[in-house]
Amino acid sequence: MSGRALIGNLRYKVGAVIAVVGLCAVAAPALASNNNHPVALPQNQTVNHDYFAAGSMVTVDGTVNGDVYAAGGQVIINGTVNGDVLAAGGAITVDGTVNGNVRTTGGSIVVDGHVAKNVSAAGGN
């Protein structure tokens, strides 16, 4: 890999980390006011735009035709995301299908589902 390609790749990864950190900063006030309430997208529901959620537990069981931006104590992706997932939380689980990238930071991160593109994760486990 050439030096130019390495620098471009590094910039991409740094940009992804900045995006996740930015998500944390934006979601913090929402979490402070909604910290005891779970947020869920049910299995039979489809969202045809980007999906933003913050709560004690964020669960996506349905389909999102766009990107998912989620922050919570637990973030669980069981459904289908036809875009990217940007998530921050204590425990992040991706068991569903992501037809884009996953960018996440958390204490515990588990990716057992299908991710079509790249996974960038920063976490304890």
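This tour moves from the whole chain to its two sheets and then to selected residues.

**The whole chain**

Begin with the complete protein chain, bearing in mind that the model is predicted. Colour the chain by secondary structure: 1 helix and 11 strands are present. Followed from the N terminus, the elements run α-β-β-β-β-β-β-β-β-β-β-β. Next, display the surface of the protein chain, which exposes about 6500 Å². Carbon and sulfur atoms supply 55% of that exposed area. Of the 125 residues in the protein chain, 35% are buried. A contact map adds a further property: among contacts between residues at least 6 apart in sequence, 9% join residues at least 24 apart.

**The six-stranded sheet**

Select E1, E3, E5, E7, E9 and E11. These strands form an open sheet in the order E1-E3-E5-E7-E9-E11, and the pairing is parallel. At the edges are strand E1 (39-41) and strand E11 (119-123), each of which pairs on one side only. With direction ignored, neighbouring strands of this sheet are turned by 20° against each other on average.

Now step across the sheet, one pair of strands at a time. Take E3 and E5, which run parallel and are joined by 9 bridges. To locate this pairing in the viewer, select Ala54, which stands opposite Ala71 in E5. Keep E5 selected and consider its surroundings: 7 of its 10 residues are buried, so E5 is largely enclosed by the rest of the structure.

Continue to E5 and E7, which pair in the parallel sense over 9 bridges. Here Ala70 stands opposite Ala87 in E7. Proceed to strand E7 (residues 85-94) and E9, another parallel pair, with 9 bridges. Two positions mark this pairing: Val85 stands opposite Val102 in E9, and Thr93 has Val110 in E9 as its bridge partner. The last step is from E9 to E11, which run parallel and are joined by 5 bridges.

**Thr104 in strand E9**

Select Thr104, which is found in strand E9 (residues 102-111). Is Thr104 buried or exposed? Its relative accessibility is 3%, so Thr104 counts as buried. Two partners are worth displaying with Thr104. In E11, the residue standing opposite Thr104 is Ala121. Then show the backbone of Ala87: the side chain of Thr104 reaches the backbone oxygen of Ala87 at 3.0 Å. Ala87 was already encountered in E7, opposite Ala70.

**The aromatic pair**

Return to E3 and E5 and display the aromatic side chains. How many aromatic pairs does a search of the whole structure find? The search finds 1 aromatic pair. Its members are Phe52 and Tyr69, whose ring centres are 4.7 Å apart and whose planes are at 5°, so the pair is stacked. Phe52 lies in strand E3 (residues 51-60) and Tyr69 in strand E5 (residues 68-77), so the pair ties together parts that are 17 residues apart in sequence. Switch to a surface view to examine the accessibility of each partner. Phe52 is exposed, with a relative accessible area of 59%, whereas Tyr69 is partly exposed at 21%.

**The five-stranded sheet**

Select E2, E4, E6, E8 and E10 next. These 5 strands make up an open sheet with parallel pairing, in the order E2-E4-E6-E8-E10. E2 and strand E10 (114-115) are its edge strands, each pairing on one side only. Zoom in on the E2 edge, where 2 bridges join E2 to strand E4 (residues 63-64), and these two strands run parallel.

**Thr46 in strand E2**

Finish at Thr46, located in strand E2 (residues 46-47). Thr46 is partly exposed, and its relative accessible area is 45%. Which residue in E4 is the bridge partner of Thr46? That partner is Thr63. When residues up to four places away in sequence are not counted, Thr46 touches Thr63 and Asn65. As a last selection, add Gly79, which is 33 residues from Thr46 along the chain. The C-alpha atoms of Thr46 and Gly79 are separated by 9.9 Å.

Conventions:
Residues numbered from 1 in each chain as written. Predicted model: local features only at pLDDT ≥ 70, side-chain atom pairs only at ≥ 80, totals over all residues. Heavy atoms only, no water. Helix = DSSP H or I, 4+ residues; strand = E, 2+ residues; numbered from the N terminus. Buried < 20%, exposed > 50% of the residue type's maximum accessible area, 1.4 Å probe, protein only. Polar contact = N/O pair within 3.5 Å; in protein donor to acceptor, adjacent residues only side chain to side chain. Phe/Tyr/Trp six-rings, centres within 6.5 Å; stacked < 30°, edge-to-face > 60°. Contact = heavy atoms within 4.5 Å. Areas by Shrake-Rupley, 256 points an atom, 1.4 Å probe, with all protein chains shown as cover. Pairing = 2+ DSSP bridges. Axes fitted to C-alpha atoms, helices over the stretch in contact; angles between N-to-C directions.
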